[in-house]
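Q: Can you walk me through this one? I'd like the chain-to-chain part before the details.

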There are 2 protein chains.
Amino acid sequence: MHDHAATHDHGCGGAEEAIARAERLCRERDLQFTRLRRDVLAAIAGQTRPMGAYDIAEALSEPGRRVAAVSVYRALDFLTEHGLVHRIASRNAFISCGHSHTDGAGLVFLICRNCGTIDETTSPEVEDQLGRTLAKAGFKPTSRILEVEGECGACLGRSTED
Amino acid sequence: MHDHAATHDHGCGGAEEAIARAERLCRERDLQFTRLRRDVLAAIAGQTRPMGAYDIAEALSEPGRRVAAVSVYRALDFLTEHGLVHRIASRNAFISCGHSHTDGAGLVFLICRNCGTIDETTSPEVEDQLGRTLAKAGFKPTSRILEVEGECGACLGRSTED
DNA sequence: TGGCCGAGTGTTACAGTGTATCATCACCAA
DNA sequence: TTGGTGATGATACACTGTAACACTCGGCCA
């Protein structure tokens, strides 16, 4: 099914893969991949669009099991800390990391304002130039966010088709 | 100090300049630069550090004049829309634009996690590479945010001095 | 076996951020 | 004067995130 190679792979099929990667990573680092954390990751990984913490809480709640937002936040803290999930600052929402670059550096998020999906890519060239710019300004970076809003290729294709 | 040339100038002395630029811009575009909008801009421009909307509301309130947060938000909407103020997504806060590039494109925000000041710069090279990356991904951008967190030159200097 | 301890979770309450809605006011034009 | 438009005031509310405390569970050790 999902055999496309290089790029991200959130959405539906990507969920199991994300879980598998998370399990592996937690084994390696001796971390607890608990049910809640797995469920939260699964909820996010099953979407191409970002989910808010409260959306996740609602999605995981069912008769007999109520998941409070605060629990979701804690799981999200854990997941983001280890690069399994990314926070989209401009949306106050979260997506699962599709890559395996678990360090979370150099990411660029492409947010489609039409369909709402978020692609993530990296660009060594941008990273390189940004590093130069920062060095010139005498600034020592520790983290950064780069989020671009616009129209994704799929939506562009659809709109020109007509 | 850091002698990069054409940069920002918020903070203290920059307030009157920011106001003057805003007045000019509003005259040009036939916009209303009302008291509230001026006060909000002045409050922000008097700081090197970003202010939250509620901070601004409090700063503008005095006995006999209570400024509600919602009013501040409306003024901020106006100011950001015309590039006089920038929103810092990672902080939920606002700073006055120090440049005159009122289109707001290509900005990079340098947020010092030590002293909290925010520098803003531009980098055509970064912009250029980012444009390439987006084109390659088939993504048509409409806006973007680029915020770097780290330690500013001034703080680095201070810490190595000791 | 029993007690301790730490990590994770449940629960409640609350703080911070942002928006919807409606009423009012000032100003300009017909 | 009347009516429309844009800005503001005011209240309420929705959404986002955190603090504090209690509880459980498992491992560890006396």
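A: Sure, one term before we start: buried area is the accessible area (1.4 Å probe) that two parts lose on being put together, summed over both. Between chain B and chain A, the area buried is about 2,800 Å², and carbon and sulfur atoms give 65% of that.

Q: What kind of model is this, and how do the labels work?
A: This is a predicted model, where local features need pLDDT of at least 70, side-chain atom pairs count only at pLDDT 80 or more, and totals for chains, interfaces and linings use all residues. Residues are numbered from 1 along each chain as its sequence is written, chains are lettered from A and ligands numbered from 1 in the order in which they are written, and side-chain values use heavy atoms, with hydrogens and water left out.

Q: How many residues of chain B are in contact with chain A?
A: 34 residues of chain B are in contact with 33 residues of chain A, with contact meaning heavy atoms within 4.5 Å.

Q: How many residue pairs are in polar contact there, and how many salt bridges cross the interface?
A: There are 14 residue pairs in polar contact between chain B and chain A, both residues at pLDDT 80 or more. A polar contact is a pair of N or O atoms within 3.5 Å; within protein, one must be able to donate a hydrogen and the other to accept it, and residues adjacent in sequence count only if both atoms are side-chain atoms. Salt bridges across the interface of chain B and chain A come to zero, taking a side-chain nitrogen of Lys or Arg within 4 Å of a carboxyl oxygen of Asp or Glu.

Q: Which elements of chain B give two or more residues to that side?
A: They are β3 (107-112), α5 (124-136), β5 (140-151) and α6 (153-161) of chain B. β5(B) gives the most, with 12 residues. Helices (H or I, at least four residues) and strands (E, at least two) are DSSP runs, numbered from the N terminus.

Q: And by class?
A: The side of chain B that touches chain A has 16 nonpolar, 11 polar and seven charged residues. Here Ala, Val, Leu, Ile, Met, Phe, Trp, Tyr, Cys and Pro count as nonpolar, Asp, Glu, Lys and Arg as charged, and the others, Gly among them, as polar.

Q: How are the two copies related?
A: A turn of 180° with a shift of 0.0 Å along the axis lays chain B on chain A, with an RMSD of 0.1 Å. The two copies are thus related as by a two-fold rotation axis. The superposition is by least squares on the C-alpha atoms of residues with pLDDT of at least 70 in both.

Q: Which residue of chain B comes closest to the axis?
A: L146(B), at 2.3 Å by its C-alpha. The same surface serves both copies, as 97% of the contact residues of chain B recur in chain A.

Q: What does β5 do across the two chains?
A: β5 (residues 140-151) of chain A pairs with β5(B) in the antiparallel sense over 11 bridges; strands pair if DSSP finds at least two bridges between them. L146(A) has L146(B) as its bridge partner, and P141(A) has G150(B).

Q: What about β3(B)?
A: β3(B) pairs with β5(B) in the parallel sense over four bridges, with I111(B) bridging to E149(B). β3(B) also pairs with β4 (residues 118-122) of chain B, antiparallel over five bridges. In that hairpin, which has five residues between the strands, G116(B) takes a positive phi near 80°.

Q: New topic: where is R65(B)?
A: R65(B) is in the loop between α3 (53-60) and α4 (69-81) of chain B. Its side chain makes a polar contact with the side chain of D39(B), at 3.0 Å.

Q: How many salt bridges are there over all chains?
A: The count is 16. One salt bridge joins the side chains of D39(A) and R35(A) (3.3 Å, N to O). D39(A) and R35(A) are separated by about one helical turn, because they are four residues apart in helix α2 (residues 35-45) of chain A.
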